[in-house]
Amino acid sequence: MNVYTARQAIYNRKDNVVAYELLFRDSLKNVFPGVESNSATSKLLLDSHFNQGLDKITSGKPALINYPEQALIDQVPSLLPPNKAMVEILESVRPTPEVYEACRQLYRKGYKLVLDDFVYNPAWEPFLKLIKLIKFDLHQTSFAEIEVILPKLRKYKNLKILAERIETQEQYDKAKEMGFDFFQGYYFCTPQIIEQKDVHANQTVILAMYQETLKLDVDYTKLSSFFERDTALAFKLLKFINSGLFPVRDPISSLKQALVYLGAAQVKKFVTLILTAHIAEHCREELTEMSIIRARFCENIASKVAPSLVDDAFILGLFSLLDVILEQPMEDLVKQLPITEEVSAALIGHENTLGNILRITKAYESASWSAMRKACARFRMEQDVLPDFYVNAVEWANFYEESNTAK
């Protein structure tokens with residue numbers, strides 16, 4: 001399926017692009033769809049950071065992302081590295097003590113906070129010591145009104161101001177004259193739509209996962225089984241771990257290891273984000289079903305020829321079709337995941353034990369019997385076991401699908 005993100009450039013006083021605001025879109029139409037704000041933010045994070053990656057969308061520059069009130073309270077911004085994304089507080093957010101505490105926590109974690117479409121209210125005064133940037137919407141607040149507010153803001157030395165929705169040369173000149181630091185609007189450019197491929201996630205799986213994360217004692221074995229049966233979720237999980245938020249010292253060799261490494265609190269936050277974003281998504285496509293069958297088939301073969309590589313073989317099969325699903329080179333995709341060198345090498349076609357397991361799998365699927373015999377011969381493995389291994393893989397995937405549909 002295709003996913004869409006719009007980016008609008010933010011300029012400094014030298015007319016250089018210094019950041020991009022990211023905007024949720026659900027088609028090539030450059031308008032905000034009628035979507036609830038929490039869902040829009042969650043979908044934006046999944047479609048950008050946990051799919052292609054923020055750096056590719058923003059060309060390595062900081063991203064400004066809008067967050068509604070509940071997302072701030074739930075600390076959703078902390079799912080992104082603080083050096084890559086700024087936290088834009090929507091104008092609908094109320095300056096309550098609960099919101100202040102949420103902002104204070106984010107500030108202490110190193111996140112740069114932005115007040116969007118700012119209209120002065122004394123209740124925001126305690127927040128200003130935490131704020132890095134204030135955005136004024138020129139359609140909403142006149143230059144005369146801004147001039148009255150500026151003296152109250154100048155006492156905060158680290159606070160910068162941005163003029164938003166600039167549409168004419170006159171507005172740009174006036175904003176510069178008043179000392180604005182940054183500028184954004186149609187005068188410079190309209191939001192640019194970026195279209196990407198994404199992998200469908202299974203909604204029933206997500207709901208079951210969420211229920212599991214609510215338990216006091218999370219069963220990581222059970223939780224990992226959900227990720228093992230959904231390529232989209234497994235891919236995003238490893239992207240999350242490799243996002244820069246966590247010091248990954250060793251390659252991840254199993255999805256259970258990945259979840260234990262994150263811990264219950266981060267896993268719950270991550271699953272909640274997915275649930276919010278994909279509340280209306282359809283079930284997975286044929287290619288993702290095929291990759292799940294492949295994962296089990298590779299695992300079965302490894303149990304016969306290389307038992308120590310069973311977990312790696314499963315991840316290998318699960319991600320073996322990502323390049324087709326996302327229409328990106330596999331060489332680029334493996335760089336985004338904290339998987340072992342053996343799995344990475346096998347995915348891009350290098351010769352190793354896992355690569356030979358994948359060759360057997362592909363040969364069996366395509367009925368390339370000669371290639372299958374050669375690959376089996378390298379392990380001195382009887383090819384007669386493969387039909388049972390494959391039937392087991394199909395039944396395993398189908399049983400899981402049926403059991404979730406019944407819930």
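Visitor: In which helix of this predicted model is the place of F389?
Guide: The model is a predicted one, and the stretch to look for in it runs over residues 386–405. F389 has its place within that stretch, which is helix α19.

Visitor: Is F389 buried or exposed?
Guide: Buried here stands for a relative accessible area under 20%, and exposed for one over 50%. The relative accessibility of F389 is 17%, and therefore F389 counts as buried.

Visitor: Which residues is F389 in contact with, leaving aside its neighbours within four places in sequence?
Guide: One pointer to the region concerned is C298, which is 91 residues apart from F389 along the chain, while the C-alpha atoms of the two are separated by 8.8 Å. Once the neighbours within four places in sequence are left aside, the residues in contact with F389 are F297, N300, I301 and K304.

Visitor: Which residue caps the N-terminal end of α8?
Guide: Helix α8 covers residues 220–228, and its buried residues include Y220, L223 and F226. At the N-terminal end of α8, a side-chain oxygen lies 3.1 Å from the backbone nitrogen of T221, and the residue that provides this oxygen as the cap is D219.

Visitor: How many residues apart in sequence are the parts that the pair of R165 and D137 ties together?
Guide: Side chains of opposite charge can pair when their charged atoms come close. The side chains of R165 and D137 meet in a salt bridge, at 3.2 Å from N to O. R165 lies in the loop between β7 and α6, whereas D137 lies in strand β6, so the parts tied together are 28 residues apart in sequence.

Visitor: Is D137 buried or exposed?
Guide: Its partner R165 counts as partly exposed, at 38% relative accessibility. For D137 the relative accessible area is 5%, and because buried means under 20%, D137 is buried.

Visitor: What separates K174 and E177 in helix α6?
Guide: The side chains of K174 and E177 meet in a salt bridge of 4.0 Å, N to O. K174 counts as partly exposed at 26% relative accessibility, and E177 counts as exposed at 64%. Because the two are 3 residues apart in helix α6, what separates them is about one helical turn.

Visitor: Which residue meets E351 in a salt bridge?
Guide: E351 is exposed, with a relative accessible area of 61%, and its partner is partly exposed, with 28%. The side chains meet at 3.0 Å, N to O, and the residue that pairs with E351 is R359.

Methods
Residues are numbered from 1 along each chain as its sequence is written. This is a predicted model: local features need pLDDT of at least 70, side-chain atom pairs count only at pLDDT 80 or more; totals for chains, interfaces and linings use all residues. Side-chain values use heavy atoms; hydrogens and water are left out. Helices (H or I, at least four residues) and strands (E, at least two) are DSSP runs, numbered from the N terminus. Buried means under 20% relative accessible area, exposed over 50%, partly exposed in between (1.4 Å probe, protein chains only). Contact means heavy atoms within 4.5 Å. A polar contact is a pair of N or O atoms within 3.5 Å; within protein, one must be able to donate a hydrogen and the other to accept it, and residues adjacent in sequence count only if both atoms are side-chain atoms.
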